[in-house]
Amino acid sequence: MSIALSEQEILRRESLQQLRALGINPYPPEEYKVTAFAQEITDNFGKFPETYKSVTIAGRIMSRNIMGSASFAKLQDSTGRIQIYLKRDDICPGDDKTLYNTVFKKLLDIGDYIGIKGYVFLTQTGEISVHVQEMTLLSKSLKPLPVVKREEDGTIHDAFTDPEQRYRQRYVDLTVNPDFKQIFIKRSKVISSMRDYFNKQGWLEVETPILQPVHGGAAARPFVTHHNTLDMPLFLRIANELYLKRLIVAGFDGVYEFGKMFRNEGMDRTHNPEFTSMEIYVAYKDYNWMMAMVEECLETVTRAVHGIPVVQVGGNEINFAGPYEKLSMYNSILKYTGIDVSAMDEAALRSTCAELGIEVNDTMGKGKLIDEIFGAKVEANLIQPTYITDYPIEMTPLAKKHRTTDGLVERFELFVNGKEIANAYSELNDPIDQRERLEEQLILAGRGDDEAMAMDDDFLRALEYGMPPTSGLGIGIDRFVMLMTNQSTIQEVLFFPQMRPEKKAKVVTADDFINIGVPAEWVPVLNKMGFNTVEELKAANPNKVFNDLGGMRKKLKLDITMPVKEVVMAWFV
């Protein structure tokens, strides 16, 4: 298959071949032992200069300033950038100056990985730098990086900011925008500190199936696949809840899992079809205990990430130190709409939705209608951490009935900055009640609700063996990380968010140019001039193209016949 290359890409491939001709492997297999990092040197050289008399570092060339027999460059490793100083006679102590004069000056490019050995010193302007004594090419870059210019005062020009490109080419994004790495470093800290908190309580981290025969544990549309050997449908899990509860039945007092969930639903600023969730189940507890645990856990995690329990999210300061405000589902709707929905039947709820301008459909039952009202009129008001408690039984088929109020279940959701980040129950452990509730879900599915829960007979069988009183919790890790890093879209906290299929550029062959009259030997020359498609050529100025062809013939010392002007003009007809 023919690949259309830019002039820069063609030149880099030519450099690659020249490097090989010089006996230099542009992709050497050997380990390169690094002894220091850019940030470490910058932080510690002033205090411990003797430590850095001999260092080995590696990274990408991000800029160069070539000045005859000496040059400066900026090298970027995983921790930051540092200036390096190369002197021809130092890296080429003998008569052969090829490594400097040819390799460094002509065949290396911005984006190439090199390793250097040398010593750290201060330049006359006071900049910490590495004086290079040895240089090794570690990887030749064949595509040019976007040129992002940074001034001394921090001003950035030509920034790589297009979200479509950044999310699709995260490898480029994090190279030219290294500050964004902090988002993912904090993400890792969120998960590790939460895991540490659970482990200190003596709870066990486990793994449960991702491919499941029944899509249970949540109300969501699943992804469906097929197992060829077993000749049966399987579902990417929408939740891991039912398997974790099976482990409570098995006798574990506390189990938790960080894992990927998959929901075949819409994509927006807070939803990705593949997302990370943490779910935990603890025996002999209820949802009141779980509220206290969540407050302690999230404050602990926030302090681990930021040093304090307060984070800035947009224009709001969010305080994760408890206690958090508590509102029942019905009271929250009453507070923000002035409407008491607690005694309404399905018909009255539909009428209320119509009055409030909330769009609904015939598949929605009573619980879904209440949820629509809450989502449209309440959620956005919940800025500080707030528990919404005591949900209608129709909304939560896996939670235990409320101990004092008929028609409700013992459930809470934690909302922060207008979004739900946690969901918890006093778990239903009555197998007969659980079966009846799942049968009600089957009725909703029959009405066309493709988010209704499926019947899971094996889970019901497990409950029949007996499950102790249990409280369970799920936390949306991606949304929580958004809060911890002050990001407004979920895509910013995922390394590789789901994207629409990339629109591929048309692959052009030499025949496309030949068909409009370009001689075959001149097609590579046009490519070098930046014309990778016939459309690009036809959009150019014919007279300029003709003049440039002559210039390229001379520059490249081509022994081919120059087309006459009339022939070139015919290409543009």
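Which residue meets the side chain of Arg-246 in a salt bridge? In this predicted model, the partner is Asp-458, with N and O 2.9 Å apart. Arg-246 belongs to helix H8 and Asp-458 to helix H14, so the bridge ties together parts that are 212 residues apart in sequence. The two ends differ in exposure. Arg-246 counts as buried because its relative accessible area is 15%, under the 20% limit. Asp-458 has a relative accessible area of 33% and is therefore partly exposed.

Helix H8 holds a second such link. Lys-245 lies in this helix, which covers residues 241–249. A salt bridge connects Lys-245 with Glu-427, and their closest N and O atoms are 2.6 Å apart. Glu-427 sits in the loop between E19 and helix H13 (431–446), and the pair joins distant parts of the chain, 182 residues apart. Both Glu-427 and Lys-245 are buried. For Lys-245 the relative accessible area is 0%. Its contacts, leaving aside residues up to four places away in sequence, are Tyr-281, Leu-398, Glu-427, Phe-459 and Met-467. Side chains of opposite charge can pair when their charged atoms come close.

The burial extends to other residues of the helix. Glu-241, Leu-242, Leu-244, Lys-245, Arg-246 and Ile-248 are buried in H8. Their cover includes three strands named here, E12 (254–262), E13 (274–283) and E19 (419–426). Helix H14 (457–464) and strand E20 (470–476) are also part of that cover. Just after H8, Gly-251 adopts a positive phi of about 115 degrees.

Charged pairs occur elsewhere too. The structure contains 33 salt bridges. One of them brings together the side chains of Asp-89 and Arg-88, at 3.4 Å from N to O. Asp-89 is partly exposed, at 39% relative accessibility. Arg-88 is partly exposed as well, with a relative accessible area of 27%. Arg-166, Arg-170, Asp-173 and Glu-492 form one network through salt bridges that share partners.

Nonpolar residues gather in separate cores. In soluble globular proteins, nonpolar side chains tend to be buried together. The largest nonpolar core has 46 residues. Met-194, Phe-198, Met-278, Leu-298, Phe-320, Leu-473 and Phe-480 have the most contacts inside this core. Helix H9 (residues 287–306) supplies the largest share of the core, nine residues. Phe-480 touches Val-190, Met-194, Leu-298, Val-301, Thr-302, Phe-320 and Ile-421, not counting residues up to four places away in sequence. Apart from this core lies another, of 39 residues. Leu-369, Ile-370, Leu-438 and Leu-460 are among the members of that second core.

Aromatic rings form 16 pairs. Tyr-85 and Phe-121 make an edge-to-face pair, because their planes stand at 65 degrees, with ring centres 6.1 Å apart. Tyr-85 lies in strand E3 (residues 80–87) and Phe-121 in strand E4 (residues 113–122), so this pair ties together parts that are 36 residues apart in sequence. Tyr-85 is buried, at a relative accessible area of 17%. Another edge-to-face pair consists of Tyr-387 and Phe-412, 4.8 Å centre to centre and with 70 degrees between the planes. Tyr-387 comes from strand E17 (residues 386–392) and Phe-412 from strand E18 (residues 408–416), so the pair ties together parts that are 25 residues apart in sequence. Tyr-387 and Phe-412 are both buried. One aromatic cluster comprises Tyr-197, Phe-198, Trp-203, Tyr-256, Phe-258 and Trp-289.

Some nonpolar residues lie at the surface. Tyr-171, Phe-495 and Phe-496 make up a nonpolar surface patch, with about 390 Å² of accessible area together. Phe-495 sits in the loop between helix H15 (477–485) and helix H16 (510–514). Its relative accessible area of 40% makes Phe-495 partly exposed.

Several loops carry notable backbone features. Gly-322 and Pro-323 are joined by a cis peptide bond, with omega about 0 degrees. Pro-323 is in the loop between strand E15 (316–319) and strand E16 (325–328). Asp-231 is not a glycine, yet its phi is positive, near 50 degrees. This residue lies in the loop between strand E10 (223–227) and strand E11 (232–236). Asp-231 counts as exposed, at 59% relative accessibility. Lys-557 also has a positive phi, of about 55 degrees. Lys-557 is placed in the loop between helix H19 (542–555) and helix H20 (565–570). With a relative accessible area of 74%, Lys-557 is exposed.

Technical notes. Residues numbered from 1 in each chain as written. Predicted model: local features only at pLDDT ≥ 70, side-chain atom pairs only at ≥ 80, totals over all residues. Heavy atoms only, no water. Helix = DSSP H or I, 4+ residues; strand = E, 2+ residues; numbered from the N terminus. Buried < 20%, exposed > 50% of the residue type's maximum accessible area, 1.4 Å probe, protein only. Contact = heavy atoms within 4.5 Å. Patch = residues over 30% accessible without salt bridge, like charges linked within 9 Å, V, L, I, M, F, W, Y side chains within 5 Å. Areas by Shrake-Rupley, 256 points an atom, 1.4 Å probe, with all protein chains shown as cover. Salt bridge = Lys/Arg side-chain N within 4 Å of Asp/Glu carboxyl O. Core = buried A, V, L, I, M, F, W, Y, C linked by side-chain atoms within 4.5 Å. Phe/Tyr/Trp six-rings, centres within 6.5 Å; stacked < 30°, edge-to-face > 60°.
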